[in-house]
Amino acid sequence: TPIEVNPDSIYKPIERKERTFNKLRVPKAVEAALPFKSKHKDEKKRTKKSYASKRAVVMEADEKKKYTFVQAVNTIRNEKKAKRKEKNAERRLEKAKEAAKLDEILQVARKARKKANYRKEGKMEASRDRKRVRS
């Protein structure tokens, strides 16, 4: 008879994202005390262009086709993104208008409710004053 295996007991490969760490910062005082071999060497930016960067890159036909295709795909994606952004902006404006209308309606109702409460409080205050005067 075969042994039953619990699916939770089977080992699964652990997938972790690659961790990136900040560069190590060594204080100047500590670096000054280090021997030359251990000191951090800063490479200064080149003032002259390198041989490779001066040369023109000529693409082959298939390479050029691929490059053009990727450019076209990116253009389409950017246009879609812009269109989506515009639609969202319009939608936000619509929502803001609706919220403003609703807020105005609520404001009117709130004002009426407050007025009624103040009126009721005023009447009660007046009746208390009348009772005080009588006694």
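**Exercise 1.** How much area does the protein chain expose, and what share of it do carbon and sulfur atoms supply?

*Solution.* Keep in mind that we're working with a predicted model. The protein chain exposes about 15400 Å². Carbon and sulfur atoms supply 56% of that area. Now turn to burial: buried residues account for 0% of the 135 residues.

**Exercise 2.** Work out how the radius of gyration of the protein chain sits against that of a compact globule of 135 residues.

*Solution.* Start with the reference: a compact globule of 135 residues would come out near 14 Å. The protein chain has 38 Å instead. Next, the box: along the principal axes, the C-alpha atoms fill roughly 105 × 75 × 55 Å. For secondary structure, count three helices and zero strands, which reads as α-α-α along the sequence.

**Exercise 3.** Find Lys-80 and decide: buried or exposed?

*Solution.* First locate Lys-80: it's in helix α3, residues 61-134. Its relative accessibility is 54%, and the cut-off for exposed is over 50%, so Lys-80 counts as exposed. Then check its company: Lys-80 gathers with Arg-77, Lys-81, Arg-84 and Lys-85 in a surface patch of positive charge. Chain-wide, there are 45 positive and 20 negative charges, and their mean positions are 6 Å apart.

**Exercise 4.** Do the same for Val-30: which accessibility class does this residue get?

*Solution.* Val-30 is in helix α1, residues 28-33. Because its relative accessibility is 44%, Val-30 counts as partly exposed. Finally, look at the patch: Val-30 joins Leu-24 and Val-26 in a nonpolar surface patch, and together they have about 290 Å² of accessible area.

Key:
Residues are numbered from 1 along each chain as its sequence is written. This is a predicted model: local features need pLDDT of at least 70, side-chain atom pairs count only at pLDDT 80 or more; totals for chains, interfaces and linings use all residues. Side-chain values use heavy atoms; hydrogens and water are left out. Patches are made of residues with over 30% relative accessible area and no salt bridge: like charges are joined within 9 Å, nonpolar side chains (Val, Leu, Ile, Met, Phe, Trp, Tyr) within 5 Å. Accessible areas come from the Shrake-Rupley method with a 1.4 Å probe; for residues, only the protein chains shown count as cover. A salt bridge is a side-chain nitrogen of Lys or Arg within 4 Å of a carboxyl oxygen of Asp or Glu. Lys and Arg count as positive and Asp and Glu as negative; His and the chain ends are not counted. The place of a charge is taken as NZ of Lys, CZ of Arg, CG of Asp or CD of Glu. Helices (H or I, at least four residues) and strands (E, at least two) are DSSP runs, numbered from the N terminus. Buried means under 20% relative accessible area, exposed over 50%, partly exposed in between (1.4 Å probe, protein chains only). The radius of gyration is taken over C-alpha atoms; the globule rule is 2.2 Å times the number of residues to the power 0.38.
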